[in-house]
Amino acid sequence: MDVQTIQEALQAAGFYKGPIDGIAGPQTRAAVDAALEARGEAGPKDWKRWGAKRRRDAYAQLLMADLDIEVGPIDGLIGPQTRHAIEVFLHLQRTGRKPEPWRDHVPDDDDPPVVRNDWPRQRDVQRFYGNVGANQTRIELPYAMTIAWNTRQTITGFFCHEKVHDSMKRVLARVLDHYGEDEIERLRLDMFGGCLNVRKMRGGTRWSMHAWGIALDIDPIRNQLKWGRERAALARPEYVPWWRLWEEEGWLSLGRARNFDWMHVQAARL
Ligand SMILES: [Zn+2]
């Protein structure tokens with residue numbers, strides 16, 4: 001969200017009396033601080049330890065949350081969820097309405113069968129995996145990953161559904177085997193874009209597969225949701241082994257199956 005939009009919101013809320021000039025100067029910074037302060041418990045907890053840009057982004061997240069746009073945690077970090085929320089926000093601003101869902105298509109029965117692991121179809125995930133957010137376990141990664149939207153942070157594990165844990169671990173071990181650490185880093189296969197995340201599908205109204213911890217996003221910056229194979233990095237030939245290793249375990253790439261959301265792989269069939 002640009003500075004001008006934030007200034008306008010701050011002005012409308014009575015925190016800002018300066019010019020709407022798109023420049024994040026001292027007056028804007030003070031207004032953002034006042035606005036965050038005013039949220040009290042409803043606002044982020046640690047914001048006083050953050051820099052000016054992150055505070056401003058957190059305030060932008062609050063503005064979107066106020067509009068019932070699903071924005072994720074108010075943490076001032078622009079991850080894939082916030083990025084999508086901004087798209088929704090801009091659309092709302094431009095047209096007065098939120099964008100129509102485009103992910104609610106229920107595919108027909110003649111999709112190709114999977115090789116191994118009888119993962120359920122998307123419509124049956126609740127029956128197979130249980131309630132969203134339940135039955136999660138920590139996976140210890142065979143190679144460290146970097147948080148894609150906060151690249152100073154490395155992780156050695158994350159939470160996923162217990163039924164997919166072993167399979168995911170096998171795949172990642174084979175990925176390490178196949179590519180090696182240097183190549184993994186060069187290809188950004190260590191750019192973690194999220195696994196468990198109890199949220200609705202971006203661009204849809206149903207639960208995301210991430211809500212069950214059965215989907216993994218990789219390198220979201222270079223594989224944005226609506227990009228097709230001509231733009232998405234993970235559509236390039238050097239990633240074919242990456243996808244084969246997942247597909248051998250029955251996982252599904254939305255990129256390979258539907259040519260969008262190339263960042264994403266899931267343990268559910270369409
Ligand atoms: Zn995903």
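Leaving aside neighbours within four places in sequence, which residues is T28 in contact with? Keep that in mind as you open the viewer, and remember throughout that this is a predicted model.

**Stop 1: T28 and helix 2**

Select T28, which lies in helix 2. With its neighbours within four places in sequence set aside, T28 is in contact with V3, Q7, Y16 and G18. Is T28 buried or exposed? T28 has 24 other C-beta atoms within 10 Å, and the cut-off for burial is 20 or more, so T28 is buried. Now add R56 to the selection: 28 residues separate R56 from T28 in sequence, while their C-alpha atoms are 9.0 Å apart in space.

**Stop 2: W47, between two helices**

Next, move along the chain to W47, in the loop that runs between helix 2 (26–39) and helix 3 (52–66). Here the count is 19 other C-beta atoms within 10 Å, so W47 is partly exposed. Show L36, R55 and A58 as sticks too: W47 touches these three, not counting residues up to four places away in sequence. For a distance to draw, try W47 to E37, ten residues apart along the chain, with their C-alpha atoms separated by 9.2 Å.

**Stop 3: helix 6 against helix 7**

Now select residues 162–186 for helix 6 and residues 240–248 for helix 7. Two packed helices are described by the angle between their axes and the distance between the axes. In this pair, the axes come within 9 Å and cross at roughly 150 degrees. Angles over 145 degrees count as roughly antiparallel, which means helix 6 is roughly antiparallel to helix 7. The crossing of helix 6 with helix 7 is right-handed.

To see what makes the contact, colour V171, R174, V175 and H178 on helix 6, then P241, W242, L245 and W246 on helix 7. Sorted by class, this contact has six nonpolar residues, one polar residue and one charged residue.

Keep V175 selected. Beyond residues up to four places away in sequence, V175 touches I184, L189, W242 and L245.

**Stop 4: the nonpolar cores**

V175 also leads to the next view. The largest nonpolar core has 39 residues, and V175 is among those with the most contacts inside it, along with M168, I214 and A268. Which elements each supply at least two residues of this core? They are helix 5 (125–129), strand 1 (136–147), helix 6, strand 3 (191–194), strand 4 (215–218) and helix 7. Helix 6 gives the most, with seven residues.

A second, separate core has 19 residues. To find this second core, select F15, A60, V71 and F89, which it includes.

**Stop 5: two asparagines with positive phi**

Finish with a look at backbone torsions. Where is N135 found? N135 is in the loop between helix 5 and strand 1. Its phi is positive, about 55 degrees, although N135 is not a glycine. N135 has 14 other C-beta atoms within 10 Å, so it is partly exposed.

Then jump to N259, in the loop between helix 8 (254–258) and strand 6 (264–266). Phi of N259 is near 60 degrees, again a positive value in a residue other than glycine. N259 is partly exposed, with 15 other C-beta atoms within 10 Å.

Terms used: Residues are numbered from 1 along each chain as its sequence is written. This is a predicted model: local features need pLDDT of at least 70, side-chain atom pairs count only at pLDDT 80 or more; totals for chains, interfaces and linings use all residues. Axes are lines fitted to C-alpha atoms, for helices over the stretch in contact, and angles run from 0 to 180 degrees between N-to-C directions. Helices (H or I, at least four residues) and strands (E, at least two) are DSSP runs, numbered from the N terminus. Angles under 35 degrees count as roughly parallel, over 145 as roughly antiparallel, 65 to 115 as roughly perpendicular and the rest as oblique. A crossing is left-handed if the near helix is turned anticlockwise from the far one by less than a right angle, and right-handed if clockwise. Two residues are in contact if their C-beta atoms, placed from the backbone, lie within 7 Å. Ala, Val, Leu, Ile, Met, Phe, Trp, Tyr, Cys and Pro count as nonpolar, Asp, Glu, Lys and Arg as charged, and the others, Gly among them, as polar. A nonpolar core is a set of buried Ala, Val, Leu, Ile, Met, Phe, Trp, Tyr and Cys residues joined through C-beta atoms within 7 Å. A residue is buried if 20 or more other C-beta atoms lie within 10 Å of its own, exposed if 12 or fewer, and partly exposed in between; C-beta atoms are placed from the backbone.
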